[in-house]
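Biologist: Please take a close look at a single part of this model, namely the side of one chain that touches the other. A connected account suited to a first-year student would be welcome.

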Amino acid sequence: MKRRIFLKGSLAAGTLAVAAGAGMLTPKSVLAAAWPKAAFESETEADALNAFFGTSDAEESDQVSIKAPLQAENGAVVPVKVMTSLTGVEGIAICAIKNPRPYTTSLRVSDGGGGLYSTRIKMGQTSPVHCYVKAGGKLYMASQEIKVTVGGCGG
Amino acid sequence: MASTKMKIKKSKSGGYEVMVLAKHPMETGLRKDKKTGNKIPEHFIENMEFAVNGEVVAQANLGTGVSKNPLIGVGIPNAKPGDTVTVSWVDNKGESDSAEKAVK
């Protein structure tokens, strides 16, 4: 089943952040693409998605799959792998909803890159983890809750 | 340099997957030095670029929410044996490192 998820939230730093932080990559533009600061510093998921993808309007899709533990042994090192069978992938992002800054990491992709991104993230507490894939101009997502017994944000 | 290691393996979905292990503290800026009581400043990898034969195919954006000694995996579906894959990263202090490997 697919359903649209409309996330409410103000546009963070406006169009400048969108232009600088988002958009498709061409080989030359990847080299110039600045670290998406606005997304990383957003305190809401919607602001972060708008900053990186230019939209927070995402559709749940079974073509985005997540490989991550149901329970993290250690919140400081939680492995998350995002895979997608969608074509025309432009970007992937991973958000841990209950982290103080939900946007943890992203991948910008150009022609030769593909629909697989894996990393290890820090999670402060049990939380849904949302994985987004922008492909063919549309934003798709999948979600999985990860239980955390020992938090890992370094407090 | 020994602080960035990479492996290239065949991907189940076709093409290859690059796995990179970068030695880096990924400090959040929230931890306190136990001796001085001062906060240890943020120190984390910002961008990590993946290139095949010199052409950048992906750029991973990391932040303080990524674990210490980042282990990053990226799909490179169009790579072929003989291609050279390069990974290079830069952190918030301007420090950087890179590694290169051929696809077998």
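Modeller: In this predicted model, a good place to begin is a single pair of residues: Val109(A) stands opposite Ala58(B), which belongs to strand E4(B). The two strands concerned are E7 of chain A, residues 103-109, and E4(B); they pair in the antiparallel sense over four bridges.

From this pairing one may turn to the contact as a whole, to which chain B gives 31 residues and chain A gives 34 residues. On the side of chain B that touches chain A, the elements that give two or more residues are strands E3 (45-52), E4 (55-61) and E5 (71-76) of chain B. The largest share of that side, seven residues, is contributed by E4(B). By character, the residues of this side of chain B comprise 14 nonpolar, twelve polar and five charged.

The loops of chain B also deserve attention. Most residues other than glycine have a negative phi. Asn53(B), in the loop between E3 and E4 of chain B, is not a glycine, yet its phi is positive, at about 50°. Asn53(B) counts as partly exposed because it has 14 C-beta neighbours inside 10 Å, a count that lies between the limits of 12 or fewer for exposed and 20 or more for buried.

Met26(B), likewise not a glycine, has a positive phi of about 45°. Its place is the loop between strand E2 (16-22) and E3 of chain B. With 23 other C-beta atoms within 10 Å, Met26(B) is buried.

How values were computed
Residues numbered from 1 in each chain as written. Chains lettered and ligands numbered in written order. Predicted model: local features only at pLDDT ≥ 70, side-chain atom pairs only at ≥ 80, totals over all residues. Contact = placed C-beta atoms within 7 Å. Nonpolar A, V, L, I, M, F, W, Y, C, P; charged D, E, K, R; others polar. Pairing = 2+ DSSP bridges.
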